[in-house]
Amino acid sequence: MSEQNTFFSKRIQEIHAKPNGELTHSSNSIFPLKMSDNLYKLHPFFESLEYEFRNGIGIQSSLAFPCVQLEMNGKEAICDITIKMERGFLAVLLFDYSKHYEHLHEAAQEKKSSMLSEQEHELRLKHLEEKKAYLGFMRARLDNSLIVEMEEMVHKIQLLKKTDLTPEQRELFDDVEKTIGSFHLRAIQIREELNFDFDS
Amino acid sequence: MEITKKVVLLGRYGVGKSSIARRYLLDIFEKDYLPTLGVQIKKKIIDLPNGTQLSMIIWDLEGFASVSKTRASYLLGSNAFIYVFDVSRPFTYGGLGEELNYMKTHFPLVEIKLVGNKIDLGDTEEASSHLKATGIQIEHFVSAKTGEGIQNLFQSLTKSLIP
C-alpha cells in the first residue's frame, strides 16, 4: 500500500494558488516549486489563461487539459492538467503521463506516416486517371479534328486532280497535297507519342 | 507594459503547424519532426514600436479532423487562430468553408488567419481557385521549410492583435 502511495504520489502534483497567482501550496512531486513563485510566471500555459483564472471565466467546476508538454524550473514532463476553481483559490492538479505519452508519440508517428502514404497513393491514382482521361481526349481531338479532316481534304484534292487542270493548277494541288500529307504524318506521330508513358 | 495574447495553431494532421511555429520561434525546420500530441505551448516576446511588449503565447495543437472536435479547454481564452492547410493536399482545405463558419460563429471575437503552407511543393493556384470559388480569400501562403511568408504572417497577426 505504501509502495502504491509512493508510485502515485510521485506522479501527481497538487498546487494551490490565489487568483492573483500567488502560490499557497505545492506538493512538489513533479516540479520543484517555491512559494515565492507566481503561477502565471511558471509556464506560458498558465500565463495565457491568467485573465480567465483571475476572473473565473469559462471555468464551471473544473477544466481539463490533457497532454500538455510542460517545463518548469528546469524539469520537463507531459502532464494532464485539471484546474478547479475553489472558494478564493485555484487548485491545480498535474498528472505526469510522460512515459505513456512518449509511447503514444511513436504510435502517432506511425499513424501519421501511414496516413500520408495513403493520401499519396490516392493522389497518384487520381493523377493517373486524370492523365489517362486527358490523353484520351487529346487523341480523340487529333483523330476527329485533324487526321480525319486532313484525310478528307487529301481525298478532295485527289478528286480535283482528276478534272481538267492547267499544269500550274496541277502543280499547286500537288504542293497542297504534299503539305497536307506531311501535316497528316506529323499528327499521326503526335498521336503515337501520346501513347508513350513519360512517367514510366 | 506587457500585453499577453494567446494564439492557437489549428488544422489537420501533417499540414505543418509545428513546423510553422518552429520556423517562427527558432528559425529552424526539421523534416522528420515528430507529430504533436496534445499541445505544445511556446512564448515569444515582441517589442512593439510604442515601447510595450507583446507576449505572444502559441498553442500548437495536435492535428484534428475538425475545429468543432477540438477540446474546448484548449481554445479557452484564445485571441487568435491560425488555421493551417497544406496547399499540396486538397483534402486539408476541402472543408475550410465549414471550418471558417464554425470559428466565426463560436469565437466571434477571435482573430482568424487562414494559412496555406508548403508552397515549396508546388504552386498555390489550385488551392486559391478552389477557395475563391467558395468565397474564401487566402491572405497568407507560406513555406515553413524555406521560411517564405512566415515573418509576414506573424507581423500581420501582431498588427491585428495590438489595440
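Visitor: Along strand 1 of chain A, which side chains are buried and which are not?

Guide: Try reading a strand one residue at a time and asking which face each side chain points to. This is a predicted model, and in its chain A, strand 1 (residues 12-17) alternates. A:Gln13, A:Ile15 and A:Ala17 point to one face and are buried. A:Ile12, A:Glu14 and A:His16 point to the other face and are not buried.

Visitor: Which strands does strand 1 of chain A pair with?

Guide: Look to either side of a strand and see who its partners are. Strand 1 of chain A pairs with strand 5 (residues 89-96) of chain A in the antiparallel sense, over 6 bridges. There, A:His16 has A:Ala91 as its bridge partner. Strand 1 of chain A also pairs with strand 2 of chain A, again antiparallel, over 3 bridges, and in that pair A:Ile15 stands opposite A:Ser26.

Visitor: How many residues lie between strand 1 and strand 2 of chain A in their hairpin?

Guide: For a hairpin, follow the chain out of one strand, through the turn and into the next. Here 5 residues lie between the two strands, and A:Gly21 in the turn has a positive phi of about 100 degrees. Chain B has a hairpin too: strand 2 and strand 3 of chain B, with 5 residues between them. In that turn, B:Gly51 has a positive phi of about 95 degrees. These two strands of chain B pair in the antiparallel sense over 9 bridges, with B:Ile41 opposite B:Trp59.

Visitor: What order do the strands take in the open sheet?

Guide: Read a sheet from one edge to the other, naming each strand and its chain. This one is an open sheet of 11 strands with mixed pairing, in the order 2(A)-1(A)-5(A)-4(A)-3(A)-2(B)-3(B)-1(B)-4(B)-5(B)-6(B). Strand 2 (23-26) of chain A and strand 6 (140-141) of chain B stand at the edges; each has a single partner strand, so one side of each is left without a neighbour in the sheet. For strand 6 of chain B, strand 5 (residues 111-117) of chain B runs parallel to it, joined by 2 bridges. B:Val115 has B:His140 as its bridge partner there.

Visitor: Where do strands of chain A and chain B pair with each other?

Guide: Look for the spot in the strand order where the chain letter changes. Strand 3 (residues 62-72) of chain A pairs with strand 2 of chain B in the parallel sense, over 2 bridges, and A:Gln69 stands opposite B:Gln40.

Visitor: How many residues does each chain bring to the contact?

Guide: Count each side separately, then ask which elements supply the residues. Chain B brings 21 residues and chain A brings 25. On the side of chain B that touches chain A, strand 2 of chain B gives the most, with 5 residues. By class, that side of chain B has 10 nonpolar, 7 polar and 4 charged residues.

Visitor: How do helix 5 and helix 6 of chain A pack?

Guide: With two helices, check the angle and the distance between their axes. Helix 5 (residues 98-161) and helix 6 (residues 167-194) of chain A pack at about 160 degrees, with axes 9 Å apart. That angle makes them roughly antiparallel. Helix 5 passes helix 6 of chain A in a left-handed crossing, and the residues of their contact divide into 18 nonpolar, 2 polar and 6 charged.

Visitor: Is A:His127 buried or exposed?

Guide: Count the neighbours around the residue. A:His127, which lies in helix 5 of chain A, has 11 other C-beta atoms within 10 Å, so this residue is exposed.

Note on methods
Residues are numbered from 1 along each chain as its sequence is written. Chains are lettered from A and ligands numbered from 1 in the order in which they are written. This is a predicted model: local features need pLDDT of at least 70, side-chain atom pairs count only at pLDDT 80 or more; totals for chains, interfaces and linings use all residues. Two residues are in contact if their C-beta atoms, placed from the backbone, lie within 7 Å. Helices (H or I, at least four residues) and strands (E, at least two) are DSSP runs, numbered from the N terminus. Ala, Val, Leu, Ile, Met, Phe, Trp, Tyr, Cys and Pro count as nonpolar, Asp, Glu, Lys and Arg as charged, and the others, Gly among them, as polar. Two strands pair if DSSP finds at least two bridges between them. Axes are lines fitted to C-alpha atoms, for helices over the stretch in contact, and angles run from 0 to 180 degrees between N-to-C directions. Angles under 35 degrees count as roughly parallel, over 145 as roughly antiparallel, 65 to 115 as roughly perpendicular and the rest as oblique. A crossing is left-handed if the near helix is turned anticlockwise from the far one by less than a right angle, and right-handed if clockwise. A residue is buried if 20 or more other C-beta atoms lie within 10 Å of its own, exposed if 12 or fewer, and partly exposed in between; C-beta atoms are placed from the backbone.
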